[in-house]
Amino acid sequence: MEKIKINPPSDLDYYSREAYNTLRTNILFCGADIKTILFTSCAPDEGKTETAWHLACSMAEAGKKVLFMDADLRKSVLAARIGLKDPVKGLSHFLSGQAQATEIIYSCNVKNLYIAFAGPVPPNPSELLGSWAFEGLIDAAKKVYDYIIIDTPPLGNVIDAAVVGHVADGAILVLESGKDSYRVAQRVKEQLLTADCKVLGAVLSKVSHKGGGYYNGAYYGKYYGKYYGNDTEKKPAAKTTDGKADTGSQAAASEIKLDEKGDQ
C-alpha cells in the first residue's frame, strides 16, 4: 500500500470540535452493524465533503481504522482540499478495470486513516457506482476497516448517492442552515429511503453561534471556549439525530482482497 502526505486536519474551534465529537458518538451508538456511511446533500457547497472528512479524521483519532472513499466521480474537491499534489489512481480507475483495489487505497500521515480518491471523471459515473465491482469493493473493505465514510454528490442534483445507498448501512444528509427548504430536504430523504438506504440523521452546517441565551450563546461558548483554550464565536457546526439501520446481507459479486496491514 502506497503512503501519501496530506495536509493535516485544520484546527477546529470549540463549537466545531464538540459538534464532530457529538456526531462521532451518535454514529458509534447506532450499532455495530453500521459500518458504511454515505454523506450527501441537497445542493452543492453545503459543507458535505468537509463534514465527512472531519468525521473520518475524528474517528481515526479515536483509534478506529477508517477508509474515506471519495465517490463524487463528477466533481471531486478532496485532492485539492487536502493538498495532494502528486497524481494518484482512484475509484474510477478500479471500476473501469484499469487498476486493482489495492492500488487505489492509500495510507497517509494521519494515523488510522486511509483514502480512496475519486480518480478522473468518467463518462458514466452512475453506472460505475451501481456496478458489481463497486459492491464487491465495499464488501471487501468492510472486512478490513472499522468504518467506511463515503462522500457522494448532492442528491438534489444527481442520482449517484441513491445508487451508492444500496450498499451503504446508512446515510447522513448535510443541510446548510437557512438554505434548504423542507420540501427539497424531504424529497432527498425519500430518494434515499427508496434506494433502501436508512437515513441515520442530518447535519446542520454553517451555523452561527452568536446570541441565543445561556446555553447556546456568548456565556456558554466563551466560558467553555476559554476553559478549553479557544474563544471563537462563529464557525461551522454540525448537529445530528441518530437512528439504527436495519441489518441486511451485503453479498459481494466478486472476491476482492485488500491489504489488512497497510503502512503508517
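Here a colleague and a modeller talk through how to read the packing of this predicted model.

Colleague: Happy to have you at my bench! Let's start with cysteines. How many disulfides does the structure hold?

Modeller: Zero. The general idea is to look at the distance between sulfur atoms, since a disulfide needs the pair within 2.5 Å. Take Cys108: its closest cysteine sulfur is in Cys57, 7.5 Å away, which is too far for a bond.

Colleague: Is Cys108 buried or exposed?

Modeller: Buried, with a relative accessible area of 0%. Cys30 also counts as buried, because its relative accessibility is 2% and the cut-off is under 20%.

Colleague: Good, that leads me to the interior. What should I expect of nonpolar side chains?

Modeller: In soluble globular proteins, they tend to be buried together. In this model, the largest nonpolar core has 40 residues, and the ones touching the most other members are Leu38, Leu67, Met69, Leu91 and Phe134. Helix 6, residues 132-142, gives the most to this core, with four residues. There is also a second, separate core of 33 residues, and Cys30, Phe39, Leu84 and Ile149 are among its members.

Colleague: Which residues does Phe134 touch, leaving aside those up to four places away in sequence?

Modeller: Phe134 touches Met69, Leu91, Leu95, Leu128, Leu129, Val164 and Val167.

Colleague: And why can helix 6 be called largely enclosed by the rest of the structure?

Modeller: Count the buried residues along the helix. For helix 6, nine of the 11 are buried, so the rest of the structure largely encloses it. The buried set isn't just nonpolar names, as you can see: Glu135, Asp139 and Lys142 are among them, alongside Phe134, Leu137 and Ile138.

Colleague: What covers those buried residues of helix 6?

Modeller: The cover includes strand 2 (36-41), strand 3 (66-70) and strand 6 (147-151), together with helix 4 (91-95), helix 5 (125-129) and helix 7 (160-165).

Colleague: Now rings. How many aromatic pairs does a search of the whole structure find?

Modeller: Four. For each pair, read the distance between centres and the angle between planes. Trp53 and Phe68 are 5.3 Å apart centre to centre with 85° between the planes, an edge-to-face pair. Trp53 lies in helix 2 (residues 48-61) and Phe68 in strand 3, so this pair ties together parts 15 residues apart in sequence. Both rings belong to buried residues: Trp53 has 6% relative accessibility, and Phe68 has 0%.

Colleague: One last ring, then. Where does Lys65 lie relative to Tyr145?

Modeller: Over the face of Tyr145, at 5.4 Å from the ring centre.

Methods
Residues are numbered from 1 along each chain as its sequence is written. This is a predicted model: local features need pLDDT of at least 70, side-chain atom pairs count only at pLDDT 80 or more; totals for chains, interfaces and linings use all residues. Side-chain values use heavy atoms; hydrogens and water are left out. Buried means under 20% relative accessible area, exposed over 50%, partly exposed in between (1.4 Å probe, protein chains only). A nonpolar core is a set of buried Ala, Val, Leu, Ile, Met, Phe, Trp, Tyr and Cys residues joined through side-chain atoms within 4.5 Å. Helices (H or I, at least four residues) and strands (E, at least two) are DSSP runs, numbered from the N terminus. Contact means heavy atoms within 4.5 Å. Rings of Phe, Tyr and Trp (its six-membered ring) pair if their centres lie within 6.5 Å; planes under 30 degrees apart count as stacked, over 60 as edge-to-face and the rest as tilted. A charge sits over a ring if NZ of Lys or CZ of Arg is within 6 Å of the ring centre and within 35 degrees of the ring normal.
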